[in-house]
Amino acid sequence: MSFIDGFIIGLGMIIFIGPVFFLLLNSSLQFGTKAGTAVALGIIVSDILCVLLCYVGLSSFLTAKGNQFWIGVFGSIIIFGLGINYLLKKAVLSNEPIVNAKNIGKFFLKGFSVNFFNPFVFIIWIGVYNYGEHKYVENSSLFFFLLAVLLGILTTDLVKVFLSKKLKKILSVKRLTLFFRITGILLIVFSIRLLYLVW
């Protein structure tokens, strides 16, 4: 029961459209499923780290106003930088994008850092963890609940990656350029909003 409950919550996370959504989509569209999967893995590893931090009792430290401020500032700088990058980026369409081990690491790091340094991700995870902790008293039930939430999130992210492959068929350089510009503007807006909220 705890696993089903957690998996549904994880799938429900698809409604949150933030910086990682656009990063995931853009990486998949331009560089293919390997790049998108690397971003998705970076996101899920950062989520696992959030869960571990909640488990060891650092949730109060993370929600402290001073700490949230600096996490938010650092996160907004990363997101702002990505936004500028997409505004200036040139669209290149290739049937077989070249993604080597070094690039895979960069995509993983982008997914990890954009997700991890967003204080709202911590707030969501603290809420999910507290919900699971109160509903499932036994450690085994709580473990399966949290594992299922993580699997649900990973599932939705991988679905986005593989669906973007279908979108690529209707893309042109002009459309991809427009998509980059829109993504860049949205990421900059997200970064300013994040900075404003933590200020």
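# A briefing on an all-helix chain

Let's start with one residue: Asp157 sits in helix H8. The structure you're looking at is a predicted model, and its protein chain has nine helices and zero strands. Buried residues account for 44% of the 199 residues in the protein chain. Below, we go from Asp157 out to the cores, the helix pair H7 and H8, and a few other residues worth finding in the viewer.

**Asp157 up close**

- Is Asp157 buried or exposed? With a relative accessible area of 6%, Asp157 is buried, because the cut-off for buried is under 20%.
- Which residues does Asp157 touch, once you skip the neighbours within four places in sequence? Asp157 is in contact with Leu24, Ala40 and Ile43.

**The chain as a whole**

- If you read along the sequence, you'll get the pattern α-α-α-α-α-α-α-α-α.
- Take the contacts in the protein chain between residues at least 6 apart in sequence: 88% of them join residues at least 24 apart.

**Two nonpolar cores**

- As a bit of background, nonpolar side chains tend to be buried together in soluble globular proteins.
- In this model, the largest nonpolar core has 22 residues, and the ones with the most contacts inside it are Trp125, Phe145, Leu146 and Val149.
- Two or more residues of this core come from each of helix H3 (33-55), helix H6 (101-116), helix H7 (119-135) and helix H8 (139-167).
- There's also a second, separate core of 20 residues, and Val20, Leu23, Leu82 and Phe180 are among its members.
- Phe145, back in the largest core, is in contact with Ser2, Asp5, Gly6, Ile9, Val128, Tyr131, Gly132 and Tyr136, leaving aside neighbours within four places in sequence.

**Helix H7 and its partner H8**

- How far apart should the ends of H7 be? Its 17 residues should span 24 Å at 1.5 Å a residue, and the end C-alpha atoms are indeed 24 Å apart, so the two values agree.
- The buried residues of H7 are Pro119, Val121, Phe122, Trp125, Ile126, Val128, Tyr129 and Gly132.
- The axes of H7 and H8 come within 9 Å and cross at roughly 145°, and the crossing is right-handed.
- On the H7 side of this meeting you'll find Trp125, Val128, Tyr129, Tyr131, Gly132 and Glu133, while H8 brings Leu142, Phe145, Leu146, Val149, Leu150 and Ile153.
- Sorted by class, the contact of H7 with H8 has ten nonpolar, one polar and one charged residues.

**Helix H3 and Val51**

- H3 has 23 residues and reaches 32 Å from its first C-alpha to its last, which is close to the 33 Å expected at 1.5 Å a residue.
- Just after H3 comes Gly57, which takes a positive phi of about 85°.
- Val51 is part of helix H3, and at 10% relative accessibility it counts as buried, because that value falls under 20%.
- Skipping neighbours within four places in sequence, Val51 is in contact with Trp125, Tyr129, Leu146 and Leu150.
- Two of those partners, Trp125 and Leu146, are also listed among the residues with the most contacts inside the largest core.
- Val51 and Leu150 are 99 residues apart in sequence, and their C-alpha atoms are 9.3 Å apart in space.

**Phe3 in helix H1**

- Phe3 belongs to helix H1 (residues 2-12).
- Why does Phe3 count as partly exposed? Its relative accessible area is 36%, so Phe3 falls between the 20% cut-off for buried and the 50% cut-off for exposed.
- Leaving out neighbours within four places in sequence, Phe3 is in contact with Phe144, Ala148 and Leu151.
- Phe3 and Phe143 are 140 residues apart along the chain, with their C-alpha atoms separated by 8.8 Å.

**Gly83 in helix H5**

- Gly83 lies in helix H5 (residues 65-88), and it's buried, with a relative accessible area of 0%.
- Not counting residues up to four places away in sequence, Gly83 touches Gly184, Leu187 and Ile188.
- Pro19 is 64 residues away from Gly83 along the chain, and the C-alpha atoms of the two are separated by 9.3 Å.

Conventions. Residues numbered from 1 in each chain as written. Predicted model: local features only at pLDDT ≥ 70, side-chain atom pairs only at ≥ 80, totals over all residues. Heavy atoms only, no water. Core = buried A, V, L, I, M, F, W, Y, C linked by side-chain atoms within 4.5 Å. Buried < 20%, exposed > 50% of the residue type's maximum accessible area, 1.4 Å probe, protein only. Helix = DSSP H or I, 4+ residues; strand = E, 2+ residues; numbered from the N terminus. Contact = heavy atoms within 4.5 Å. Expected span 1.5 Å × (residues − 1). Axes fitted to C-alpha atoms, helices over the stretch in contact; angles between N-to-C directions. Left-handed = near helix turned anticlockwise from the far one by under 90°. Nonpolar A, V, L, I, M, F, W, Y, C, P; charged D, E, K, R; others polar.
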